[in-house]
Amino acid sequence: MTPQMNAFWVFIGVNVVVVAVFVWVLLSTRHAQEIDIHTAYRLRRRFFYILATVLVVAMVITFPKMPYPKAGHHPDRVVYVVGKQFSFGISNQPITNEDQWEDAAAADPVQIPVGQLVEFRVTSFDVNHGFGVYSPSGVLLGQVQAMPGYVNRLRMRFKTPGTYPVLCLELCGIGHDMMRNELEVVPSRQAARMAPPTERGARRNP
């Protein structure tokens, strides 16, 4: 089962519980009853403790999986992405003008070695776009906004060779459905066309 389906069933389960609680409250309050204020306060405290425990457990489980880099942890490689109606220019070199964008959009897919930490530096030359990276089987692995005037950064580590589709995740015009590109994740020994690993000076460039 995919992570999206797992999240969907968790969402359904939570909503069933919430609806059941509301139905129980509705049925239990159809007739006026004398309320013991002390009992109500005890129930409120119990509910607070249960809710706080659930939130703490959820944070402990999910925070280690947050995609934010640790301080001082530099990527192995930087890949530059520029969105423009209706394609993505993806390159190992900065894309600073329309000609470079056209060359990058028409070029062969950028090759990324398996296991390297890659930082995508994503921006746009026109309107907002959504830069979404999918697995070869069609599972969304990561996404970030492509925004004019801003450079957003997305770090990913690919563990399996293959062709990873890149799709726009934000409606950006009549050609939105055609806005796509690809990344090629290859074993390190096959990455002959890639740029050299990121140098410290390149890391400081936007």
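Start by selecting Tyr164 and Leu183: in this predicted model, Tyr164 stands opposite Leu183 of strand 9. Now widen the selection to the two strands around that pair. Strand 8 covers residues 162–168, and its pairing with strand 9 is antiparallel, with six bridges.

Keep strand 9 on screen and add residues 110–113, which make up strand 3. Here the direction is parallel, and four bridges hold the pairing of strand 3 with strand 9. To see one of the pairings, pick Pro113, whose bridge partner in strand 9 is Val186.

**Into the core**

Leu183 is worth a second look. Together with Ile90, Phe120, Phe131 and Phe158, Leu183 is among the residues that touch the most other members of the largest nonpolar core, a group of 23 residues. Which residues does Phe120 touch, leaving aside those up to four places away in sequence? Select Val79, Val81, Ile112, Phe131, Asn152, Arg153, Leu154, Met156, Phe158 and Leu183 to show them.

**The four-stranded sheet**

Next, colour strands 2, 1, 4 and 7. In that order they form an open sheet with mixed pairing. Why does one side of strand 2 and of strand 7 have no neighbour in the sheet? Strand 2 (87–91) and strand 7 (152–157) are at the edges and have a single partner strand each, so one side of each stays free of a sheet neighbour. Turn the view to look along the sheet: on average, neighbouring strands are rotated by 25° against each other, direction ignored.

Zoom in on strand 1 (residues 77–84), which runs antiparallel to strand 2 and is joined to it by five bridges. Gly83 and Phe88 are bridge partners here, with Phe88 in strand 2. Now show helix 3, residues 98–106. This helix lies across strand 1 and strand 2, at about 90° to strand 2.

**Salt bridges**

Four salt bridges turn up in a search of the whole structure. Begin with Glu98 and Lys84, whose closest N and O atoms are 3.6 Å apart. Glu98 belongs to helix 3 and Lys84 to strand 1, so this salt bridge ties together parts 14 residues apart in sequence. Glu98 is partly exposed, at 36% relative accessibility.

Move on to Glu119 and show its side chain with that of Arg153; they form a salt bridge with an N to O distance of 3.2 Å. The pair connects distant parts of the chain, with Glu119 in strand 4 (residues 117–124) and Arg153 in strand 7, 34 residues apart. Is each partner buried or partly exposed? Glu119 is buried at 3% relative accessible area, whereas Arg153 is partly exposed at 43%.

Add Arg155, which also makes a salt bridge with Glu119, at 2.9 Å from N to O. This link again joins strand 7, where Arg155 sits, to strand 4, with the two positions 36 residues apart in sequence. Arg155 and Glu119 are both buried. Bring in Arg121 to complete the view: Glu119, Arg121, Arg153 and Arg155 are linked in a network of salt bridges.

**Two cysteines to finish**

Finally, select Cys168 and Cys172. Why is there no bond between their sulfurs? The sulfur of Cys168 is 3.9 Å from that of Cys172, its closest cysteine sulfur, which is too far for a bond. Cys168 is buried, with 7% relative accessible area, and Cys172 is buried, also with 7%. The disulfide count for the structure is zero.

Conventions. Residues are numbered from 1 along each chain as its sequence is written. This is a predicted model: local features need pLDDT of at least 70, side-chain atom pairs count only at pLDDT 80 or more; totals for chains, interfaces and linings use all residues. Side-chain values use heavy atoms; hydrogens and water are left out. A nonpolar core is a set of buried Ala, Val, Leu, Ile, Met, Phe, Trp, Tyr and Cys residues joined through side-chain atoms within 4.5 Å. Buried means under 20% relative accessible area, exposed over 50%, partly exposed in between (1.4 Å probe, protein chains only). Contact means heavy atoms within 4.5 Å. Two strands pair if DSSP finds at least two bridges between them. Axes are lines fitted to C-alpha atoms, for helices over the stretch in contact, and angles run from 0 to 180 degrees between N-to-C directions. A disulfide is a pair of cysteine sulfur atoms within 2.5 Å.
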